[in-house]
Structure formats: structure tokens, C-alpha cells
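Could you walk me through this structure in the viewer, one selection after another? Please tell me what to click on next and what is there.

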Amino acid sequence: MARRPTSTVGAVSNSAELDVVDAVVVGAGFAGLYALHKFRSQGLSVRVFEAAPEVGGTWYFNRYPGARCDVESVDYCFSFSEELQQEWTWTEKYATQAEILRYMNWVADRLDLRGGITFNTRVTSATLDEQSLRWTVVTDTGETVTARFVVMATGPLSAALTPAFPGLDTFAGEVYHTAHWPHEPVDFTGKRVAVIGTGSSGIQSIPLIAEQAEHLYVFQRTPNFSVPAGNRPLTAEEVAEIKANYAERRRLSWRSGGGSPHIAHPKLTMEVSAEERRAAFERRWDLGGVLFSKTFSDQMIDEAANEEARKFYEEKVRAVIDDPALADLLIPNDHPIGTKRICTDTNYFQTFNRPNVTLVSVRNTPIESIDPTGIATSDTHYDIDALVLATGFDAMTGALDKIDIVGRDGRRLREDWADGPRTYLGLGVDGFPNLFLVSGPGAPAVLANMVLHAEAHIDWIADAIGFLDDHGYAALEATPESVDNWIAECNQRAEATLFPKANSWYMGANVPGKPRVFMLFIGGFAAYLDICAEVAAAGYKGFSLLKGA
Ligand code: FAD
Ligand code: NAP
């Protein structure tokens, strides 16, 4: 499935008025936008429904201060069109939310996508008619559309999570969630602010909120590993060089473990001398960002290798925190480095040296309640004026769970997944013919550059649709055996790594009552693409090919 840009951009007729279509796509983030373009260009009629009033998905909603991508901008953008990738110019190594949203709006205009999207409309159910093998899709605005294919581009990180803090609704001040940040500027000047949560969203926003707030209280339950992003403006020379060599950069990304052109050290961690190991960590640290966990290829498999990376990390972080007791609290000791997504920051740990910032460790003294004036932990009350919830998402399954998806024999997807999500390749589910998931459980998804991942999924789905049509089939449906085998393979691969050692959202551990299973394919982006390509080349091995009624 290694590819190069082939598509040209151009206007296609709008289909928002049709109620019988070839395909319904749910969501207009990166995945939904590309799906609309791709399906249209192969002659399908398409309706896209988007709950938000605009395109953008993640980048429409997550407008908190400091929100940026953690995959380099020049990689975190569409690759399918050489025209698009040459015309757009990124200004920073890691683009801001605003710049990414501008890019997505530009793409939507450039490809004439808006007319195919019905905004402010949430899909509430999708029900299979077993006779016709068509889906009936119903929205919260009362629309009903029937489609042969349903593509869930609903996002792995689009269902924001607000913990059930007793009394939260009694708080008299302002409350913000990082994933639902207001569109108007928020001014914390002169205010006592609390941020609850120290994942990627908290860690990106805390340094900027601290600059404004009179006092900032950071409520941390579990410290996270965070590596300086090393963000900076891109120079005109760099951009020109990247554009001249985009094909090679993309080729490396498609053949990589994570969808960006990173190459790990050629040797294993313990095969090199202490000096060489340190030099490799230093080089990667200076480059900045999440790829620190891939300095050596065995860091996520071998405990000794991981410990070398962790020790290096600890030394770097301790060096920038003035108070050693604070450093003890801010440095994780409960999970191997990289087994939760590494955060990337700009001056996060330095922020705790400020006199107006207090770290409130709630590991042993949990938040018990929120009242009109502030937050009560089990030992103290904190008076605050504003509250920021950086408390994450019901990841991978949350957005799908909210839709009543009914397949064969009236089976509901959310009931089928009660013990954990079941998919084949992360793309199909037994009992749900022609329902496709994008960047869902069972795929590498959030372990890879998600823009390329979305392109790969949509291309695979588009090819599958082409295959069905060319061979006179109505539908394709994962067999129960292929789903069982794929889950077993995903589990087996995860168990061979250090990932299951962390209470991460990859494991569903952040949502009370959610089954604890590792929800991703961990074998690497390129390896996954090869498997998907082999399945297709073998006539969609593991799927039943169904004739119409
Ligand atoms: P989304 O962008 O989540 O879009 C899904 C859309 O579906 C949403 O607009 C939602 O409103 C809509 N939707 C959901 N349910 C319904 C429904 N029932 N009816 C109608 N509409 C519905 N990934 C990376 O690879 N690199 C990064 O640097 C990176 N940074 C991130 C930063 C933040 C703050 C967050 C939260 C995530 C980040 N991610 C990153 C992951 C990010 O989610 C993906 O990169 C990507 O944007 C997902 O695109 P998508 O189209 O699959 O889903
Ligand atoms: P997250 O990583 O799940 O972090 C949520 C935080 O809230 C955690 O610190 C968690 O603590 C805390 N929390 C939840 N419930 C709590 C409670 N009851 N009491 C105290 N603390 C509580 O969510 P996120 O920061 O939004 O990030 C999610 C993912 O989105 C990231 O991993 C990443 O993939 C993506 N993202 C990327 C970027 C980027 O840099 N480009 C930015 C933001 C998000 P515990 O750990 O103890 O549960």
C-alpha cells in the first residue's frame, strides 16, 4: 500500500440534498474530508454528516492555548495530492491548532468539499436492512438517508471525557474543557485558575495559562513523560528543501513504523557503548518531541533498553526544575517511558519554577468534590475563579458508542463490544457488512501519523468498493474467525511489548468501567499497511463477499 500522490484537485457536484446515496460518511475531520474527495472522484454519491458547524474535527474543537500537533506539520498533512502539498506552506515545525484548521478549511475549499457536508448534524443511528444489505442512517435533525456503505470517520479522540466530580455543576466560576474550548478569547488575567489533568492537552496549555493567571493550581493525579517539542519557525530554505524532496519524505513515512520519516538508531540500545547511547539520546532529545521513545528500535520492547531512555529523561527533566521535591512529583515512576503517548511541551517543567504556579498532587489526596468556590481534595480546599478540565477522551470507542449501530439480527455494535472492541484490521466488523471504521480500534490509529493513516484507510475502503462493483458483489463482511484471529494477533503483539504495563487510554484505563484491553495494532504502520494490502490482493481474504438480494 505504499503510494505516491496521483490525485488532481477539482470541483465535483454537491450531494447534500440526496437521501439515497452510495456512501454516508460520519465526520468531517481529516478522515471525512478525504473520504468525501476520494469517493466522489470514483463516481460515488456521498453524504457527509458533521456534528460541528465547520470542518476540522479535532482541530475545530481543541482550541485551548498552546494546542499544536506533535507530528511535524510537513508530515501531518495530506499526501495524496502533489498540488496540495506544494501549494500549502507551513510556518512552524509544529503548527498551531489555528494554522491546522486554516489548512483544513483551505483544503475543503480547494477540493470543493463543503457542499457535500451537512453541518450541525449528528448521526444518531445506523441500521442494517439484511434483505437489501443497505444501511438506514438517521440524524438528530430528523433526516433519514439510506446508503450502501457507511464510513465511520468519527475520530478516535472526539468524545471528550468529564469525570463525574461531585458538585461540578455547582461551581460558580467559568468551566472549560480543553476539547470544547470557546471560540472567543479566554482571558485568565487576575484569576485563580485550576487545571485538572496533565496529559498532552494539560501539558501544552499549562505554560500559557500560567503566564496569564494570577495563580495557577495544577491538579496532577499521574505525572507524564513530556519531551520539549523544539518548536520553531520553518525557514524559507527548509520549506523549499522539503517541498523539493517531498516524494522521498513521504516514501519514508509510508514505510515507517509511525507514519513519519524517522529512522531509529541502527543498533539496539544495549549493543552500543554508553557514550554512543548517550549521544543518540542527546541527538533525538535536541530534535525534540514524541520520537524520543523511538531513538532505539527496542525501547518499547526491552525493559533494560527502556530504563536507559528513562534515566536519560529523568536527568534532563531534573535539570530544569528548581525544587528537587517538586521534580520527584513531576517525574513518572509508575510506567515505562513511551507506554503512554509521550507529551511534547514548550517550557512545561520550567513553569513549576514560577511563583504563581502550585502543583497539587492528587495521587494520595484525590479530588473529592467541587463546590461554588473551588475544589476540595481529601485534605485541602482550593479557592479558584476558573476551572480547566484537561481530562481527556473516551478514546477509540467513545464516538462510536454514542451512535446506535444495529447490524445483523438486531445486534448492536456497542453490545458486541461490551468486553472490548472487535474488528478485523480495524476496518470491518462481523455482522456489520459494508460498515467501515476509520482509525478505529484494531488499527495502528493513534500510534501513527493520523493524516496518513486516514488516507490509507480511505484508499483501502475505496479500493474495496471498486472491487465489489467490478465483481458484481453487493457487500463485504468480516468473518467472525477473521475478527477473532485479528484480536488475538493484536493482543499477542501488544503482550510482546511494554505497552500493557501502563494504565493508558490505549488500554481503556482512563474510563471507569471500560474493559481493559489494548485497543491498537502495535506492529507498526508499514507492517499494517502490508497486511491490509495482502488481504485485498488475495480477494479480501477474511471477508465474506456477498451477492445482493
Ligand atoms: P476527528 O478529527 O476527531 O473528526 C471526527 C469528526 O466526527 C468530528 O468533527 C466529530 O464532530 C464528528 N462526529 C463524531 N461523531 C459524530 C456523529 N455521530 N455525527 C456527526 N459527526 C460526528 N494525531 C497525530 O497524528 N498527530 C498529532 O499531532 C495529533 N495531535 C492531536 C492534538 C489533539 C489536541 C488531539 C485531541 C488529537 C491529536 N491527534 C494527533 C489525533 C487526532 O485526533 C488525529 O490526528 C486526527 O485529527 C483525527 O482525524 P479524524 O478525521 O479521524 O477524526
Ligand atoms: P489524557 O492524556 O487522557 O489526560 C487526561 C488527564 O486528566 C490525565 O492527567 C488524567 O490523570 C487526568 N484526569 C482524568 N480524570 C481525573 C480525575 N478524576 N482526577 C484527576 N485527574 C484526572 O488526555 P489529553 O491530555 O487530552 O490527551 C489525549 C490524547 O490526545 C493524547 O495522548 C494525544 O494522543 C492527543 N493529544 C495530542 C496533543 C499534541 O501534542 N499534539 C495534544 C493534546 C492531545 P490520570 O493519568 O491519572 O488518569
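Start by selecting residues 192-196, which form strand β8, together with residues 386-389, which form strand β16. These two strands pair in the parallel sense, and 4 bridges join them. Which residue of β16 stands opposite A194? Put labels on the pair and you will find L387 there. Keep in mind as you look around that this is a predicted model.

Now widen the selection to the whole sheet. It is an open sheet of 5 strands with parallel pairing, and the order across it is β7-β16-β8-β9-β12. Colour β7 (174-177) and β12 (357-361), the strands at the edges. Each of them has a single partner strand, so one side of each is left without a neighbour in the sheet. Try looking along the sheet as well: neighbouring strands are turned by 20° against each other on average, if direction is ignored. Show some side chains while you are here, and bear a general point in mind: in a regular strand, side chains alternate between the two faces of the sheet.

**Next stop: another sheet**

Select β13 (367-371) and β15 (381-383), then add strand β14, residues 374-377. Together they make an open sheet of 3 strands in the order β13-β14-β15, and the pairing here is antiparallel. The edge strands are β13 and β15, each of which pairs on one side only. Neighbouring strands of this sheet are turned by 20° against each other on average, again with direction ignored.

Follow the chain from strand to strand. β13 and β14 form a hairpin with 2 residues between them, and 4 bridges hold this antiparallel pair. A hairpin also joins β14 to β15, this time through 3 residues, and 3 bridges link these two antiparallel strands.

Which residues stand opposite G374 of β14? Label D371 and you have one of them. Then label D383 in β15, which is also a bridge partner of G374.

**Next stop: ligand 1**

Select ligand 1 and show the residues around it. There are 31 of them, and those that come nearest are E50, T58, D70, Y76 and V123. Zoom in on E50: a polar side-chain atom of this residue lies 2.6 Å from an oxygen atom of the ligand. Backbone atoms take part too. At F30, a backbone N or O atom is 3.1 Å from an oxygen atom of ligand 1, while at A51 a backbone N or O atom is 3.1 Å from a nitrogen atom of ligand 1.

How much of ligand 1 does the protein cover? Turn on a surface and compare: of the 980 Å² of accessible area that the ligand has on its own, 95% is covered by the protein. Two elements, α1 (30-41) and α2 (58-61), give two or more residues to the shell. The largest share comes from α2, with 3 residues. If you colour the shell by residue type, you should get 18 nonpolar, 10 polar and 3 charged residues.

**Next stop: ligand 2**

Move on to ligand 2, which has 24 residues around it. The closest are R68, T198, S201, R221 and T222. Add W505 to the view, where a polar side-chain atom lies 3.0 Å from an oxygen atom of ligand 2. Then look for two backbone contacts: a polar backbone atom of S200 is 3.0 Å from an oxygen atom of the ligand, and a polar backbone atom of A390 is 3.3 Å from an oxygen atom of the ligand.

The protein covers 87% of the 910 Å² of accessible area that ligand 2 has on its own. Highlight helix α5 (residues 200-212), which gives the most to this shell, with 3 residues. By type, the shell around ligand 2 holds 9 nonpolar, 10 polar and 5 charged residues.

**Last stop: a salt bridge**

Side chains of opposite charge can pair when their charged atoms come close. The model has 34 salt bridges, counting a Lys or Arg side-chain nitrogen within 4 Å of an Asp or Glu carboxyl oxygen. Select D459 and K38 to see one of them, with the closest N and O atoms 3.5 Å apart. Why is this pair worth a look? D459 lies in helix α14 (residues 450-470) and K38 in helix α1, so the salt bridge ties together parts that are 421 residues apart in sequence.

Methods: Residues are numbered from 1 along each chain as its sequence is written. Chains are lettered from A and ligands numbered from 1 in the order in which they are written. This is a predicted model: local features need pLDDT of at least 70, side-chain atom pairs count only at pLDDT 80 or more; totals for chains, interfaces and linings use all residues. Side-chain values use heavy atoms; hydrogens and water are left out. A residue is near a molecule or strand if one of its heavy atoms lies within 4 Å of it. A polar contact is a pair of N or O atoms within 3.5 Å; within protein, one must be able to donate a hydrogen and the other to accept it, and residues adjacent in sequence count only if both atoms are side-chain atoms. Accessible areas come from the Shrake-Rupley method with a 1.4 Å probe; for residues, only the protein chains shown count as cover. Ala, Val, Leu, Ile, Met, Phe, Trp, Tyr, Cys and Pro count as nonpolar, Asp, Glu, Lys and Arg as charged, and the others, Gly among them, as polar. Two strands pair if DSSP finds at least two bridges between them. Axes are lines fitted to C-alpha atoms, for helices over the stretch in contact, and angles run from 0 to 180 degrees between N-to-C directions.
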